[in-house]
Amino acid sequence: MDRVSPLDLLAVDHLLSDEEREIQGTVRRFVAETIRPNVGGWFEAGTFPAELAKDFGALGLLGMHLQGYGCAGTSATAYGLACLELEAGDSGTRSFVSVQGSLAMFAIYRWGSEEQRTRWLPGMAAGETIGCFGLTEADFGSNPNGMRTRARRDGDGWILDGTKMWITNGSVADIAIVWAQTDDGIRGFIVPTDAPGFSAPKIGSKLSLRASITSELVLEGVRVPADALLPEARGLRGPLSCLDEARFGIVFGALGAARDCLETAISYAVDRQAFDRPVAGFQLTQEKLADMALELQKGFLLALHLGRLKDAGNLQPRQVSIGKLNNVREALQIARTCRTILGANGITLEYPVMRHANNLESVLTYEGTSEVHTLVIGQALTGINAFN
């Protein structure tokens, strides 16, 4: 009997447009040819080749759902499908594209001036200029309102002092979007990383997202001109809107990691013999595979629904929280269960399962922990803020 791919159980392919299927297929081929053969080595070495930015740019992946300024102008759903395929390669690959497009570029696109958009976005869309996003601090992750980084006026410019932590792309970035306290509340700044007083030491000794550059940002009296300020962003609305863009990509992306784990586990279970029969022939194994395929398919339908809401301009932040909470949590459980099917082989880099599981441990907590998203949903249901 023919085998069915985990995401084909419900025959949902007709729910996608021809363009969306074409974009998904293009990214899948790129991942198969460029990412998958190398990512195990990158993960083991704890590095990621930043020169891939230009390849991402050539494919139109950077800021792909933004309009104009060299961006591809695709649907949000197409962007989500691209994230799914990128994360099927590795969460670090999707993180690079997500931080560039949905955090750094979107901050300029949504909250910057026309001059800032014209100056920065075309080069970022091409992958010639790499950006990072400096919001999180060592003591202020889930509560960014307490950030200590400060910007003060100095003549016709600004002086920035502070540190940011866990910043993807930080040490390879050309510009950093830095959020800081000012006398006018929290404001955003475009900071060139070659500015005097700016440094971005790489964070090492990671057990997760190893094929991704993670850095600290240190700003010691960094002076930027007046036109570095993002003029339209005041308060937390600015950075949180950027995070919603990135979380949307995660809703799809986590499913890519889960699909890769499940496809690996199915193939392994069919070939692996135990007690003179394929592991896939045991009822307990088939129960695991069936349960995982169901959760993967349900997660995809949820992601697709959110994509359609976003394309219609009706997506609410609480709905993004529902998507991230469910899909990352289920993807991580799928990765862990797949590892049990592979047994001891599951812990090696010969197979992608443990790498995906380790990465998803980070995806579970970055850009909003599961606890935070749970409370967002709880507040929507009760009208009561339980954060404080």
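The radius of gyration used here is taken over C-alpha atoms, and the globule rule is 2.2 Å times the number of residues to the power 0.38. With 388 residues, a compact globule would have a radius of gyration near 21 Å, and the chain agrees, with 21 Å.

Welcome to a predicted model, in which local features need pLDDT of at least 70 and side-chain atom pairs count only at pLDDT 80 or more, while totals for chains, interfaces and linings use all residues. Residues are numbered from 1 along each chain as its sequence is written, and side-chain values use heavy atoms, leaving out hydrogens and water.

Here is the chain as a whole:

| Feature | Value |
|---|---|
| C-alpha box along the principal axes | roughly 80 × 45 × 40 Å |
| Exposed area (Shrake-Rupley method, 1.4 Å probe) | about 16,600 Å² |
| Carbon and sulfur share of the exposed area | 51% |

The chain has 10 helices (DSSP runs of H or I, at least four residues) and 9 strands (runs of E, at least two), numbered from the N terminus.

Now to the inside. Of the 388 residues, 56% count as buried, meaning under 20% relative accessible area with a 1.4 Å probe and protein chains only. The largest nonpolar core has 121 residues, and F56, L160 and W179 touch the most other members. Such a core is a set of buried Ala, Val, Leu, Ile, Met, Phe, Trp, Tyr and Cys residues joined through side-chain atoms within 4.5 Å. Helix 6 (residues 237-271) gives the most to this core, with 17 residues.

On to a residue of helix 7 (residues 283-311), L301. L301 counts as partly exposed because its relative accessibility is 32%, between the 20% limit for buried and the 50% limit for exposed.
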